[in-house]
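Biologist: Can you pull this one up for me? I'd like to go through it with you.

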Amino acid sequence: FVMTEYPYAAYFGWSANTTATHNTITGGSLHFEDWTNGSDHPSAHTSGTVRDNVLAGGIQKIGVSGLTQDYNLLSSGASGSHDLTGKPTFVGGAAPTSRAGFALASGSAGKGNASDGKDRGTCTPTRSTSG
């Protein structure tokens, strides 16, 4: 996600068991809001997992208690036990122009230390061939 105007790259409300993994968001935030208090939808609680992401705008939470956050690279607001606070260095420079350009450069914060041993953020596409 490359955001330049709206503050939220993705907005989740009344969203149970949402999973956001291996995303790179260079502007805006992931926004989670639980509207169930006094709403017409008392059974729909916002919950889920946010893991292995690069989130320049961080994670916004309003009234949300069921959200697990870990192994993210954030500019601020790191709260998971394996979250990192820092700034990524991309192979495509400060303003990559392709998906592959958003791969983390050697020595970047988040390089090779996601929960699955890959890079945090967008995983570099791989090419497979068959005989």
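Biologist: How much area does the chain expose, and what share do carbon and sulfur atoms supply?

Modeller: Keep in mind that this is a predicted model, where local features need pLDDT of at least 70, side-chain atom pairs count only at pLDDT 80 or more, and totals for chains, interfaces and linings use all residues. Residues are numbered from 1 along each chain as its sequence is written, and side-chain values use heavy atoms, with hydrogens and water left out. Accessible areas come from the Shrake-Rupley method with a 1.4 Å probe, and for residues only the protein chains shown count as cover. The chain exposes about 7400 Å², and the carbon and sulfur share is 49%.

Biologist: How is the pair of tyrosine 8 and tyrosine 11 classed?

Modeller: Rings of Phe, Tyr and Trp (its six-membered ring) pair if their centres lie within 6.5 Å; planes under 30 degrees apart are stacked, over 60 edge-to-face, the rest tilted. Here the centres are 5.7 Å apart with 50° between the planes, and the pair is tilted.

Biologist: And why is the pair of phenylalanine 90 and phenylalanine 102 classed as it is?

Modeller: The ring centres of phenylalanine 90 and phenylalanine 102 lie 5.3 Å apart. Their planes meet at 70°, so this pair is edge-to-face.

Biologist: Is phenylalanine 102 buried or exposed?

Modeller: Buried means under 20% relative accessible area, exposed over 50%, and partly exposed in between (1.4 Å probe, protein chains only). Phenylalanine 102 has 16% relative accessibility, so this residue counts as buried.
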